[in-house]
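User: Hey, can you walk me through this protein? I'm new to this, so plain words please.

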Amino acid sequence: TLEFEDFLDSQLPTYAILSHRWGEHEVSYKEMRGFQKEHLAATNEERYKAAETSGLGMAKIKNFCQKASSNGFDWGWIDTCCIDKRSSAELSEVRASSIVEDFSPYHGTMSAS
């Protein structure tokens, strides 16, 4: 649905992870939150259509969410838009932990279905 949801550690659902090398067209946490606000009343289909026309980064997120959903995941976590890079505390947490050892999301998780 391309929506954010924050979870407590004790309530984390099963989710797919997209962690990759950050490129030029990546969507930031702030941009993803803006997209969510802008399309708050939209249907899933309308949000996916808007993502397709919003640029390469949003299209990548949409495709990841659809792939995660087709593989049975209701949620996905993408490092580029689920980590608020404006927060020094959050960046410190990311740098201090190993993504291989700790798969808990650092901030929001996105609905994939």
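**Chatting through the model**

Analyst: Sure! Let's start inside: the largest cavity is lined by Leu18, His20, Glu26, Val27, Gly57, Lys60, Ile61, Ile78 and Thr80. Keep in mind that this is a predicted model.

User: How much space lies in the largest cavity?

Analyst: About 40 Å³. The count of cavities of 30 Å³ or more comes to one.

User: How do you even look for a hole like that?

Analyst: Rolling a probe the size of a water molecule over the atoms shows where empty space is left.

User: Ok, and which helix gives the largest share of the lining?

Analyst: Helix 3, which covers residues 56-70, with three residues. By type, the lining of the largest cavity divides into four nonpolar, three polar and two charged residues.

User: Let me zoom out. How many helices and strands does the chain have?

Analyst: Five helices and four strands. Going along the sequence, the pattern reads β-β-α-α-α-β-α-α-β.

User: And what share of the residues is buried?

Analyst: Buried residues make up 40% of the 113 residues in the protein chain. Here's another figure for the whole chain: take the contacts with a separation of 6 or more, and 77% of them are between residues 24 or more positions apart.

User: Can you show me two residues that are far apart along the chain, and how many Å separate them?

Analyst: Try Asp74 and Thr14: they are 60 residues apart along the chain, and their C-alpha atoms are separated by 7.5 Å. Asp74 is found in the loop between helix 3 and strand 3.

User: Why does Asp74 count as partly exposed?

Analyst: Because its relative accessibility is 46%, and partly exposed runs between the 20% limit for buried and the 50% limit for exposed.

User: New topic. Which residues have the most contacts inside the largest nonpolar core?

Analyst: Leu2, Met32, Phe35, Met58, Ile61, Cys65 and Cys81, in a core of 22 residues. At least two residues of this core come from each of strand 2 (15-18), helix 1 (29-38), helix 2 (44-53), helix 3, strand 3 (75-78) and helix 4 (79-82). Helix 3 supplies the largest share, five residues. Ile61 is on the list of cavity-lining residues too.

User: Pick one from the core. What does Phe35 touch?

Analyst: Leaving out residues up to four places away in sequence, Phe35 touches Leu2, Arg47, Ala50, Ala51, Ser54 and Met58.

User: What about Gln36, is that one buried or exposed?

Analyst: Gln36 counts as buried, because its relative accessibility is 13% and the cut-off for buried is under 20%. Gln36 lies in helix 1. With residues up to four places away in sequence left out, Gln36 touches Glu3 and Phe4.

User: You mentioned cysteines. How many disulfides are there?

Analyst: Zero, after a search of the whole structure. A disulfide is a covalent bond between the sulfur atoms of two cysteines.

User: Then why is there no bond for Cys81?

Analyst: The sulfur of Cys81 is too far from any partner, because the closest cysteine sulfur, in Cys82, is 4.4 Å away, while a disulfide needs the two sulfurs within 2.5 Å. Cys82 is in no disulfide either.

User: Are those two buried or exposed?

Analyst: Cys81 is buried, with a relative accessible area of 0%. Cys82 is buried as well, with a relative accessible area of 0%.

Note on methods
Residues numbered from 1 in each chain as written. Predicted model: local features only at pLDDT ≥ 70, side-chain atom pairs only at ≥ 80, totals over all residues. Heavy atoms only, no water. Buried < 20%, exposed > 50% of the residue type's maximum accessible area, 1.4 Å probe, protein only. 1 Å grid on protein atoms, 1.4 Å probe; cavity = no way out; pocket = protein on both sides within 12 Å on 5 of 7 lines; lining within 4 Å. Points joined across faces, edges and corners; volume = space filled by probe spheres on them. Nonpolar A, V, L, I, M, F, W, Y, C, P; charged D, E, K, R; others polar. Core = buried A, V, L, I, M, F, W, Y, C linked by side-chain atoms within 4.5 Å. Contact = heavy atoms within 4.5 Å.
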